Amino acid sequence: MVRTTLSAAEARRVALAAQGFGSAPAPAVSTRALNSGFARLGLLQIDSVNVFERSHYLPLFARLGAYDRATLDRLTTARRGPYLEYWAHEAAFIPRDDLPLFRWRMDAFRERDARPNRVEQVARTERVRHELRALLRAEGPSPASAVEHESNVRRGPWWGWSDVKIGLEQMFRWGEVVSAGRSGFERVYALPEQVLPDRFLDDAPDRTDAVRELVRRATRALGVGTRADIADYYRLRADDTGRALAELTEAGEVVPVRVDGWTDRAWLHADARVPRSTSADAVLSPFDPVVWFRRRAERMYGFHYRIEIYTPAPKRVFGYYVLPVLQDDRLTGRIDLKSDRQRGVLRVRTAWEEPGEHLDAERLAEVLRRTAAWQGLGGVEVTDRGTAARALAGALGVALVPHESADDTDVAEPLPDLEVTV
């Protein structure tokens, strides 16, 4: 039977099932399972913060359980591996075969960078880009650090990109260079012909067809979502997304639905399941698709989430690198984690129960034990900050330790100023 309405709880369960939650972690996670999990999500967002673990490792761990990170590295960072990087949501690993779906975005970035407010920077780096093309042609794929020179000047109190890095990023946005893996988590750049099949990007679909396919994939990955939810998955324009949804609705691939408590109309993927219940236990990356669109997280879970890594320490409310706690179909808490490798412990720097929710400390304790083991750490330590700290320490069978001033001193460098939606 075609559903035209969903309760709020049903919508949560649909979304989590579409995202791969609901099964117990496997005792061993194969390469096939990693590829299958990746296919379900469509992309893994990349972020440089590694106080606990780099973000792109976390979504698959949350869904599949402990896996060998070296295996994912071989898949995502090898020069000719099955995945590469592009601006899909933010910077993200995507299947290599999906890159042509973003050819239109490369062209749109080039048009945007020709606007009067941007053209000065493009003109300034023209000579550098010419030299970079010649260098990559002669030397092969290289990271920015391998070709930096006297133009590498720090600008401002936080950070600065040299014209070499700026030029490479411009070329990367436009498709003049592509990613060729990573070296020490630094992106390696290559000319397309050095790592891609001949004319790989020349045969790309036009914008209309590509956007329709991305909307199709976003709706499948979300299970159910509003136009804004679906557009955000691949950072598409609202008008493009609306047209694609109309076409997919006519084709019977998505179904308009009303969700109790949602103001806007939503769309349900035709293949989406509506489970009777959801069993899930995980801590989520701040850049996990379940929570990366903060308006959706607030609408679906009543979870107001703002990452505080760029907030000055005295103004932080919950902590530096706070991860939402997923239990069944609710976000019941949030914890600030740090992998203290020098001391060999997973440090819970703050632990909070969400107002109006029940955080099951015993279940979270088991997740943290598995997490520490996956990180190669010998145990879990809980500081005395947060409304759930005492219960969590009790569930772990450890004594609370004092929250340290050092726990509040982490500082992240700002991300580059780039708006993906074009």
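Let's start with a pair of strands: S3 and S4 run antiparallel to each other and are joined over five bridges. Keep in mind as you look around that this is a predicted model. One spot to find in this pair is Glu85, whose bridge partner in S4 is Phe93. Now widen the view a little, and you'll see that these strands belong to an open sheet of three strands, in the order S2-S4-S3, with antiparallel pairing. Strand S2 (44-45) and S3 stand at the edges with a single partner strand each, so one side of each has no neighbour in the sheet.

Glu85 is worth a second look, this time for its side chain. Salt bridges that share partners tie Glu85, Lys165, Glu169, Arg182 and Arg187 into one network. How many salt bridges does the count come to? The count comes to 40 salt bridges, and a few of them make good stops on our tour.

Take Arg12 and Asp329, which form a salt bridge with their closest N and O atoms 3.5 Å apart. Arg12 sits in helix H1 (residues 8-18), while Asp329 is in the loop between strand S12 (322-327) and strand S13 (330-340), so this pair ties together parts that are 317 residues apart in sequence. Are these two buried or exposed? Both Arg12 and Asp329 are buried.

Another salt bridge brings together the side chains of Arg235 and Glu90, at 2.5 Å from N to O. This pair also links distant parts of the chain: Arg235 is in the loop between helix H11 (227-233) and helix H12 (238-250), Glu90 is in the loop between strand S3 (83-87) and strand S4 (91-95), and the two are 145 residues apart. Arg235 has a relative accessible area of 16%, so it is buried, given that buried means under 20%.

For a pair within one helix, go to H12. Asp240 and Arg243 both lie there, three residues apart, which is about one turn of the helix. Their side chains meet in a salt bridge of 2.7 Å, N to O. Asp240 is buried, with a relative accessible area of 11%, whereas Arg243 is partly exposed at 48% relative accessibility.

Next, let's go back to the strands on either side of Asp329. S12 and S13 pair in the antiparallel sense over six bridges, and you can find Leu326 standing opposite Leu331 in S13. The two strands form a hairpin with two residues between them, and Asp328 in the turn has a positive phi of about 55 degrees. S12 also pairs with strand S11 (residues 281-283): three bridges join them, and they run antiparallel. Here Val283 stands opposite Val325 in S12. Why is S12 described as largely enclosed by the rest of the structure? It is because six of the six residues of S12 are buried.

Now for some helix packing, with H1 as our guide. Two packed helices are described by the angle between their axes and the distance between the axes. The axes of H1 and helix H10 (residues 207-222) come within 6 Å and cross at roughly 115 degrees. That crossing makes H1 roughly perpendicular to H10. Which residues do the meeting? Val14, Ala15 and Ala18 in H1 meet Arg220, Ala221 and Leu222 in H10. Sorted by class, this contact has five nonpolar, no polar and one charged residues.

From Ala15 we can hop to Leu268, in strand S10 (residues 266-269). Leu268 and Ala15 are 253 residues apart in sequence, yet their C-alpha atoms are 9.6 Å apart in space. Leu268 counts as buried, at 6% relative accessibility. What does Leu268 touch, not counting residues up to four places away in sequence? With those left out, Leu268 touches Arg3, Leu6, Val14, Thr219, Gly223, Val224, Glu253, Val254, Val255 and Val257.

Our last stop is Thr71, found in helix H4 (residues 69-77). Thr71 is buried too, with a relative accessible area of 12%. Not counting residues up to four places away in sequence, Thr71 touches Thr31 and Leu34.

Note on methods: Residues numbered from 1 in each chain as written. Predicted model: local features only at pLDDT ≥ 70, side-chain atom pairs only at ≥ 80, totals over all residues. Heavy atoms only, no water. Helix = DSSP H or I, 4+ residues; strand = E, 2+ residues; numbered from the N terminus. Buried < 20%, exposed > 50% of the residue type's maximum accessible area, 1.4 Å probe, protein only. Contact = heavy atoms within 4.5 Å. Salt bridge = Lys/Arg side-chain N within 4 Å of Asp/Glu carboxyl O. Pairing = 2+ DSSP bridges. Axes fitted to C-alpha atoms, helices over the stretch in contact; angles between N-to-C directions. Parallel < 35°, antiparallel > 145°, perpendicular 65-115°, else oblique. Nonpolar A, V, L, I, M, F, W, Y, C, P; charged D, E, K, R; others polar.
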